[in-house]
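User: Can you walk me through how to read salt bridges in a model like this one?

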Amino acid sequence: MNKPLRRIAIFCGLLVLALLLRDNYIQYVQADSLRTDTNNRRVAIERYATPRGNIIVNGDPITGYAETKKNGINDFVYKRTYKNGAMWAPVTGYASQAFGATQLEKLDDGILTGNDDQLFFRNTLDMLTGKAKQGGNVVTTLNAAAQKAAYKGLLSRGKGAVAAINPQTGAILALASTPSYDPSAFAGNTNDDAKAWNKLQKKNNPDDPMLNRALRETYPPGSTFKVVTAAAALENGLYTTADQHTQTPLPYILKGTRTELKNEGNIPCKDASMRDALKVSCNTVFGKIGADLGKDKMQEEAEKFGFNSEQLTPVRSNASVFPKKMDDAQTALSSIGQFETAATPLQMAMVASAVANQGTLMKPYMVDKLQAPSLDVISQTEPEKLSEPLSESNAQILQSMMETVVKDGTGKRAQIPGVTVGGKTGTAQHGVANSEKPYAWFISYAKLPDGSSPVAVAVVVEDGSASRDDISGGGLAAPIARDVMKAVIDSKK
């Protein structure tokens with residue numbers, strides 16, 4: 001072979017080698033990213049080519065599917081449907097042919113569509129036998145009766161949220177948010193779906209119905225945070241019993257200022273014990289405790305309860321906040337749930353659950369197991385300890401304090417006959433110079449005669465229909481918490 005031909009042959013060989021390298025790079029290295037690229041329409045076509053598996057509550061599906069009407073251009077065969085979609089939206093999220101998916105619908109999309117790698121061998125066998133591919137199921141920890149009670153209670157109160165947890169396992173039993181939306185309204189990809197979607201967007205709907213307030217909204221927790229402050233006092237040995245006098249003056253002047261920290265109304269807070277201070281919700285007592293302990297000890301205790309960390313349920317919950325940079329006065333305000341302290345309803349349910357569970361905080365989760373189309377279990381969630389904010393003895397002291405709140409204090413409307421209920425009310429300031437209606441909070445747990453605690457709840461109502469003077473955690477939020485706890489207890493009978 002002469003020299004020019006040899007050069008041409010070498011050059012052509014290099015071109016073929018480059019082509020082979022590029023082809024292998026695309027097929028093997030880039031395969032996953034190309035397969036899951038949102039611009040790859042084949043992904044969406046495959047997702048809706050078969051009936052989607054279901055999200056399950058108490059053994060029953062809260063989702064379904066419908067065949068998409070043929071309109072000449074639609075290449076999606078099935079679309080998602082929902083039962084009581086608005087009630088369950090904070091749990092399910094949505095799956096839309098036009099707008100993608102969120103929450104469980106997105107996180108477990110592979111199982112629900114049947115495309116997850118864990119189903120590879122089963123799908124291969126079905127392909128060989130000619131059986132149509134099916135989606136698997138997501139079995140949740142939710143309690144249908146508790147969810148219904150939470151959603152029904154919130155509907156008459158405007159904006160708000162409820163989170164309920166099993167303190168012994170961390171299993172989420174209810175997760176409600178209002179106002180809400182029906183994911184079925186935009187599950188397809190027609191003009192009507194687009195119109196429904198646009199109406200729900202915050203720019204067109206200031207109430208923001210697509211916001212999951214139970215997980216994604218942080219509120220000043222107000223006096224419900226005093227439970228964390230009481231825990232910090234006990235854990236750090238500032239007080240060793242619920243009934244010690246706290247040597248709190250009245251008036252109490254915030255350290256380093258001339259500002260008086262006021263209580264709500266004429267309540268007996270001078271030198272009150274922690275039990276009495278929690279019962280009537282003394283700002284002065286718990287503000288002074290926070291300032292006496294200092295920001296570092298308060299931060300340490302708050303973070304043991306889960307503050308300053310995101311929670312994955314597996315749906316992400318925003319991190320609740322206990323500020324890290326404060327002076328003594330700001331520490332006092334933060335210790336009564338004001339200043340920059342902010343919490344999700346899930347976080348405050350975690351606080352109540354840790355107290356109820358003898359001081360142990362379990363990691364919250366809402367997926368019990370994932371199932372193959374055959375109902376074989378692919379994976380099972382095991383309860384996991386997150387932290388220990390309290391010793392068992394201190395948890396029992398705090399339980400006795402919270403139970404006094406419900407028996408004799410501001411939380412009487414949470415009482416359930418034959419059940420011991422512990423709780424704490426909260427009315428948190430809202431708006432510049434407290435110009436808006438305050439947030440009404442209530443956190444609680446129920447304890448059965450055998451000593452077990454099957455449920456802990458947090459309720460927040462953003463803006464009640466009542467007049468400003470009538471808005472309180474005990475008045476608006478406590479009855480909702482009571483109904484949720486009762487629903488859980490009744491469902492176990």
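**Reading the salt bridges**

Analyst: Sure, starting with burial: Glu-105 and Arg-52 are both buried, where buried means under 20% relative accessible area, exposed over 50%, and partly exposed in between (1.4 Å probe, protein chains only). This is a predicted model, where local features need pLDDT of at least 70, side-chain atom pairs count only at pLDDT 80 or more, and totals for chains, interfaces and linings use all residues. Residues are numbered from 1 along each chain as its sequence is written, and side-chain values use heavy atoms, leaving out hydrogens and water.

User: What forms a salt bridge with Arg-52?

Analyst: Side chains of opposite charge can pair when their charged atoms come close. Here the cut-off is a side-chain nitrogen of Lys or Arg within 4 Å of a carboxyl oxygen of Asp or Glu. Glu-105 pairs with Arg-52, with the closest N and O atoms 3.0 Å apart. That ties together distant parts of the chain, 53 residues apart: Glu-105 belongs to helix H5 (residues 103–107), Arg-52 to the loop between helix H3 (41–47) and strand E1 (55–57). Helices (H or I, at least four residues) and strands (E, at least two) are DSSP runs, numbered from the N terminus.

User: Which residues are linked in a network with them?

Analyst: Arg-80 and Asp-109 join Arg-52 and Glu-105 in a network of salt bridges.

User: How many salt bridges does the count come to?

Analyst: The count is 16 salt bridges. Another one is Lys-288 with Asp-292, at 2.8 Å between the closest N and O atoms. They sit four residues apart in helix H13 (residues 283–293), so about one helical turn separates them. Lys-288 is buried at 15% relative accessibility, while Asp-292 is partly exposed at 32%.
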